[in-house]
Amino acid sequence: MTTEEKYMARCIELARMGAGHVSPNPMVGCVIVHSDRIIGEGFHQKHGQAHAEVNAINSVTDPGKLKESTIYVSLEPCAHYGLTPPCSDLIIQKQIPRVVVGSIDPFAKVAGKGIERLKNAGVEVKTGILKEECDELNRRFFTFHQKQRPYILLKWAQTSDGFIDKDRSAEDYGEPTWITGPRALLRVHQMRAEEDAIMVGTNTAEKDNPSLTVRLIKGKNPLRIVLDRQLRLDKKLNLFDNSTETIVFNGLENHSYKNTEFIKIDFTDQLLPQILEVLHQKNVLSLIVEGGQQLLSTFIEAGLWDEAHVYTGHTYFGNGIKGPSLSVVSGQSESIGKDKLVIYRNTNG
């Protein structure tokens with residue numbers, strides 16, 4: 001690893017600390033180096049607050065050294081006025097002579113303009129340091145701006161023999177069928193806290209009565225989304241408790257009540273593009289699809305997924321509802337307690 005890569009790796013490490021707090025902005029880390037020593041560092045901590053470059057510059061105890069320093073940043077400094085002023089202007093103002101960048105920002109209002117502004121002001125700019133790693137860090141942000149949709153993560157738990165649920169009658173509704181253990185559940189709640197939204201279909205809402213909130217860890221609740229074409233779901237279900245922001249996609253009406261918004265879409269037309277367009281307009285960068293089998297398969301068949309998180313427990317059902325089928329044969333595997341998690345990537349999306 002080169003010296004420049006070492007400092008960019010630290011930028012990425014810092015950037016990850018903003019996970020779950022900065023959306024719809026990207027995660028960004030920044031390091032300021034003087035005479036091969038870090039004199040300042042920072043990351044984007046919360047949407048609407050100071051960007052990484054601002055926090056790093058403000059952390060420098062001897063501002064006079066900035067004129068002889070290099071600033072490393074995992075994503076191109078912004079060049080537009082949003083909720084905060086342009087970071088490229090601040091770098092120019094502080095007379096920092098050299099900037100090293102990981103990723104080029106895909107957002108149309110930046111997209112090279114920050115680098116151009118810096119170069120026009122006489123700043124030396126180097127790009128592409130750990131580019132792949134920096135792009136990977138903000139794959140949700142890149143997908144949102146390049147594909148005009150949220151980054152989609154499918155998630156389900158299946159038994160050792162491949163079932164995601166038992167064949168249940170209405171008398172057995174109201175609780176999920178537990179397949180994996182407490183450590184896997186903790187991991188799921190961590191995932192929820194880091195993503196923007198989570199969706200289930202009508203059958204899952206009715207059978208499992210999920211809350212889809214973060215209860216086991218400290219973090220924000222994702223936007224809850226449920227499909228209910230005929231608005232037949234019982235309003236006493238947990239999804240309608242107004243405890244957190246919820247969208248109900250249906251085929252009948254548009255209206256809002258407290259934290260719940262009912263949005264009418266055409267269920268006879270292409271369903272998923274309509275939903276994803278609404279979420280894109282609402283600046284939802286990432287979406288967890290938690291099932292059940294029909295909804296998950298709809299996303300898979302449409303090729304509209306980026307990651308699939310498949311938990312496999314030691315439970316054996318023998319029969320029931322089979323889990324979805326993926327054409328991807330290998331993924332990143334890890335053990336979580338007695339359970340196994342495999343994360344698949346859609347390389348054709």
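How many bridges join strand S6 to strand S14, and in which direction do the two strands run? Six bridges join S6 to S14, which covers residues 307–312, and the two strands run parallel. Keep in mind as you explore that this is a predicted model.

## Strand S6 and its neighbours

Let's begin with S6 itself, the strand made of residues 151–158. Is it mostly covered or mostly open? It is mostly covered, for eight of its eight residues are buried. You can check this on both faces of the strand: Tyr151, Leu153, Lys155 and Ala157 are buried on one side, and Ile152, Leu154, Trp156 and Gln158 are buried on the other.

S6 has strand partners that you can find in the structure. In the pairing with S14, look for Lys155, which stands opposite His309. S6 is also joined to strand S13, residues 286–289, by four bridges, and these two run parallel. Here Leu154 of S6 stands opposite Val289 of S13.

## Salt bridges across the chain

Now for the charged side chains. The count for this model comes to 21 salt bridges. One of them pairs Arg149 with Asp306, whose closest N and O atoms are 2.8 Å apart. Why does this pair tie together parts that are 157 residues apart in sequence? Because Arg149 lies in the loop between helix H6 (139–147) and S6, while Asp306 lies in the loop between helix H10 (293–302) and S14. Both partners are buried: Arg149 has a relative accessible area of 8%, and Asp306 also has 8% relative accessibility.

Another salt bridge joins Arg192 to Glu290, with 3.4 Å between the closest N and O atoms. Arg192 belongs to helix H7 (residues 182–194) and Glu290 to the loop between S13 and H10, so this pair ties together parts that are 98 residues apart in sequence. Arg192 is buried at 7% relative accessible area, and Glu290 counts as buried at 17%.

## A partly exposed partner and a network

Next, take a look at Arg345 and Glu307, which form a salt bridge with their closest N and O atoms 3.5 Å apart. They link distant parts of the chain, with Arg345 in strand S17 (residues 339–345) and Glu307 in strand S14, 38 residues apart. Which of these partners is buried, and which is partly exposed? Glu307 is buried, with a relative accessible area of 2%, whereas Arg345 counts as partly exposed at 34%.

Salt bridges can also be followed from residue to residue here: Glu4, Arg98, Glu124 and Lys126 are linked in a network of them.

## Cysteines without a disulfide

Finally, let's turn to the cysteines. A disulfide is a covalent bond between the sulfur atoms of two cysteines. How many disulfides does this model have? The count comes to zero.

Why is there no bond between Cys30 and Cys11? The cysteine sulfur closest to that of Cys30 belongs to Cys11 and is 5.9 Å away, which is too far for a bond; the cut-off used here is within 2.5 Å. Cys134 is in no disulfide either, and its nearest cysteine sulfur, again that of Cys11, is 7.4 Å away.

Are Cys30 and Cys134 buried or exposed? Cys30 counts as buried, with 0% relative accessibility. Cys134 is buried too, with a relative accessible area of 1%.

Terms used
Residues are numbered from 1 along each chain as its sequence is written. This is a predicted model: local features need pLDDT of at least 70, side-chain atom pairs count only at pLDDT 80 or more; totals for chains, interfaces and linings use all residues. Side-chain values use heavy atoms; hydrogens and water are left out. Buried means under 20% relative accessible area, exposed over 50%, partly exposed in between (1.4 Å probe, protein chains only). Two strands pair if DSSP finds at least two bridges between them. A salt bridge is a side-chain nitrogen of Lys or Arg within 4 Å of a carboxyl oxygen of Asp or Glu.
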